[in-house]
Amino acid sequence: MSKKNWGEVRKEFETLVFKGGVEEASRAIHVHRSTIYRLINRQTRKPSGPLRTAVEKFVADATTENNNID
């Protein structure tokens with residue numbers, strides 16, 4: 001399985017946050033909502049390893065077999 005680049009993951013993450021809300025995303029990833037805002041507002045350009053892994057898992061869990069976001 002190849003890793004997506006951060007730009008692709010961030011775009012999908014933004015879509016999920018806009019659909020489900022910042023509170024839901026922050027609870028799922030176990031971070032403060034200000035961290036979610038920094039990610040979607042691109043204040044955090046390159047997240048730490050554990051944060052990036054959590055965001056990738058959040059996106060992967062919401063992605064269907066056809067690579068579409070639910």
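**Exercise 1. Find the aromatic pairs in the whole structure and describe what they connect.**

Solution. A search of the whole structure gives 1 aromatic pair. Rings of Phe, Tyr and Trp (its six-membered ring) pair if their centres lie within 6.5 Å; planes under 30 degrees apart count as stacked, over 60 as edge-to-face and the rest as tilted. The partners are Phe13 and Phe58, with 5.8 Å from centre to centre and 75° between the planes, an edge-to-face pair. Phe13 belongs to helix H1 and Phe58 to helix H4, so the pair ties together parts that are 45 residues apart in sequence. Helices (H or I, at least four residues) are DSSP runs, numbered from the N terminus.

Next, take accessibility. Buried means under 20% relative accessible area, exposed over 50%, and partly exposed in between (1.4 Å probe, protein chains only). Phe13 has 0% relative accessibility and counts as buried. Phe58 is buried too, with a relative accessible area of 16%.

The model is predicted: local features need pLDDT of at least 70 and side-chain atom pairs count only at pLDDT 80 or more, while totals for chains, interfaces and linings use all residues. Residues are numbered from 1 along each chain as its sequence is written, and side-chain values use heavy atoms, with hydrogens and water left out.

**Exercise 2. Describe helix H1, its two ends and its packing.**

Solution. H1 covers residues 6-20, which is 15 residues. From first C-alpha to last H1 reaches 20 Å, close to the 21 Å expected at 1.5 Å a residue (1.5 Å times one less than the number of residues). At the N-terminal end, Asn5 is the cap: a side-chain oxygen lies 3.0 Å from the backbone nitrogen of Gly7. Just after H1, Gly21 has a positive phi of about 100°.

The buried residues of H1 include Trp6, Val9, Phe13 and Val17. The buried residues of H1 pack against H2 (22-29), H3 (33-40) and H4 (49-61), where contact means heavy atoms within 4.5 Å.

**Exercise 3. At what angle do H2 and H3 pack, and which residues meet?**

Solution. The angle is about 110°, and the axes are 8 Å apart. Axes are lines fitted to C-alpha atoms, for helices over the stretch in contact, and angles run from 0 to 180 degrees between N-to-C directions. H2 and H3 are therefore roughly perpendicular (65 to 115 degrees). Val22, Glu23, Ala25, Ser26 and Ile29 of H2 meet Arg33, Ile36 and Tyr37 of H3.

In the loop between H2 and H3 lies His30. His30 has a positive phi of about 65°, although it is not a glycine. With 72% relative accessibility, His30 counts as exposed.

Key. A polar contact is a pair of N or O atoms within 3.5 Å; within protein, one must be able to donate a hydrogen and the other to accept it, and residues adjacent in sequence count only if both atoms are side-chain atoms. Angles under 35 degrees count as roughly parallel, over 145 as roughly antiparallel, 65 to 115 as roughly perpendicular and the rest as oblique.
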